[in-house]
Amino acid sequence: MCAHVLVAEDDEMQAELIRRSLLSEGHTATVVHDGSAALDAARRLRPDLVVLDLMLPVIDGFGVCRVLRRDDDIPVLMLTARSAEDDVLLGLELGADDYMTKPYSPRELMARIRTVLRRSGRAAGRREDPVVRAAGIAVDPERHEVRCDGAEVECTPAEFEILLAMVAEPERVFSRRQLLECTRGTDRASTERAVDVHIMNLRKKIEADPRGPVRLLTVFGVGYKLSGGRG
């Protein structure tokens with residue numbers, strides 16, 4: 001079961017943990033950090049499931065769930081530090097399909113996500129393919145393989161994790177800190193400045209002209225993005 005999951009979580013570290021857990025399960029993920037962005041992404045992307053934090057800025061999770069239920073039937077798994085019975089009941093009354101409180105284990109969250117997807121049938125017809133593709137690049141997290149325009153590309157573990165994150169979300173602008181978090185399991189001694197070195201090395205491997213990149217672009221004052229769209 002391969003699904004596209006929208007993660008609406010204002011805590012960037014929690015959001016990144018969920019995103020990486022989803023990728024390891026063979027899903028794709030889009031991450032947003034406020035309720036307005038969550039509604040916009042849900043309308044544009046039509047995800048199979050929304051993992052929705054209640055304590056979102058701009059529009060809280062209750063408001064997001066209310067609009068989603070009015071406009072669509074996308075399954076919603078609420079995720080929050082609030083465990084009061086009234087909050088749980090209100091979330092369920094608004095139409096949430098499941099409800100988890102923090103702290104939680106990533107394994108339990110993934111199990112709950114599988115259950116909600118199976119029950120909803122939203123991703124039932126999708127082929128189980130763990131490979132993520134964008135901008136002519138294919139990243140296989142199970143085989144730890146990268147191909148660019150069909151040719152195999154050798155990557156270090158840190159480069160692989162950075163590229164996996166960016167291919168999973170083409171056109172998303174990642175800060176250096178966010179990309180650094182992607183490498184924590186492989187390169188704990190790395191720094192934000194080391195991310196620039198990883199990007200430079202990746203450009204040498206996936207760009208026809210590393211000095212004039214068309215895929216792995218710098219967004220000045222912010223970070224980097226992968227340009228080229230899915231596929």
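This briefing walks through the fold of the protein, one element at a time. The model is predicted. The protein's secondary structure adds up to eight helices and twelve strands. Of its 231 residues, 49% are buried. Take the contacts with a separation of 6 or more: 62% of them link residues 24 or more positions apart.

**The five-strand sheet**

- Five strands make up an open sheet with parallel pairing, in the order 2-1-3-4-5.
- Its edges are strand 2 and strand 5 (98-101), each of which pairs on one side only.
- From one strand to the next, the twist averages 20°.
- Helix 2 packs on this sheet and touches strand 1 and strand 2, with its direction at about 170° to that of strand 1.
- Helix 5 (residues 106-120) lies across strand 3, strand 4 (76-80) and strand 5, and it runs at about 175° to strand 5.

**Strand 1 and its neighbours**

- How many of the residues of strand 1 are buried? Five of the five are, so strand 1 is largely enclosed by the rest of the structure.
- The side chains split two ways: His4, Leu6 and Ala8 point one way from strand 1, while Val5 and Val7 point the other way, and all are buried.
- Strand 1 runs parallel to strand 2, and five bridges join them.
- Within that pairing, His4 sits opposite Thr28 of strand 2.
- Strand 1 also pairs with strand 3 (residues 49-53), again in the parallel sense, over four bridges.
- Here Ala8 has Leu52 of strand 3 as its bridge partner.

**Helix 1**

- Does the length of helix 1 add up, or what should its span be? At 1.5 Å a residue, the 13 residues of helix 1 (residues 12-24) should span 18 Å, and the end C-alpha atoms are indeed 18 Å apart.
- Asp11 caps the N-terminal end of helix 1, placing a side-chain oxygen 3.0 Å from the backbone nitrogen of Met13.
- The buried residues in helix 1 are Ala15, Glu16, Ile18, Arg19, Ser21, Leu22 and Leu23.
- After helix 1 comes Gly26, with a positive phi near 90°.

**Helix 2**

- Gly35, Ala38, Leu39, Ala41 and Ala42 are buried in helix 2 (residues 35-45).
- Looking down the axis of helix 2, those buried residues fall within an arc of 165°, so they line one face of the helix.
- Arg43 and Arg44 are exposed, on the other side of helix 2.
- What covers the buried residues of helix 2? The cover includes strand 1 (4-8), strand 2 (28-32) and helix 3 (61-71).
- Asp34 caps the N-terminal end of helix 2, where one of its side-chain oxygens lies 3.0 Å from the backbone nitrogen of Ser36.
- Just past helix 2, Arg46 has a positive phi of about 50°.

**The three-strand sheet**

- Three strands form an open sheet with antiparallel pairing, in the order 10-12-11.
- Strand 10 (174-175) and strand 11 (216-219) are the edge strands, each pairing on one side only.
- Four bridges link strand 11 and strand 12 (residues 223-226) in the antiparallel sense.
- Thr218 has Tyr224 in strand 12 as its bridge partner.
- Helix 8 (residues 192-206) packs on this sheet, touching strand 11 and strand 12, and its direction makes about 145° with that of strand 11.
- Helix 6 (residues 157-168) lies across strand 10, strand 11 and strand 12, running at about 60° to strand 12.

**Ala134**

- Ala134 belongs to strand 6 (residues 132-134).
- Is Ala134 buried or exposed? Its relative accessible area is 0%, and the cut-off for buried is under 20%, so Ala134 is buried.
- Which distance separates Ala134 and Pro170 in space? Their C-alpha atoms are 6.4 Å apart, although the two are 36 residues apart in sequence.

Conventions: Residues numbered from 1 in each chain as written. Predicted model: local features only at pLDDT ≥ 70, side-chain atom pairs only at ≥ 80, totals over all residues. Heavy atoms only, no water. Expected span 1.5 Å × (residues − 1). Buried < 20%, exposed > 50% of the residue type's maximum accessible area, 1.4 Å probe, protein only. Polar contact = N/O pair within 3.5 Å; in protein donor to acceptor, adjacent residues only side chain to side chain. Pairing = 2+ DSSP bridges. Contact = heavy atoms within 4.5 Å. Axes fitted to C-alpha atoms, helices over the stretch in contact; angles between N-to-C directions. Arc of directions from axis to C-beta.
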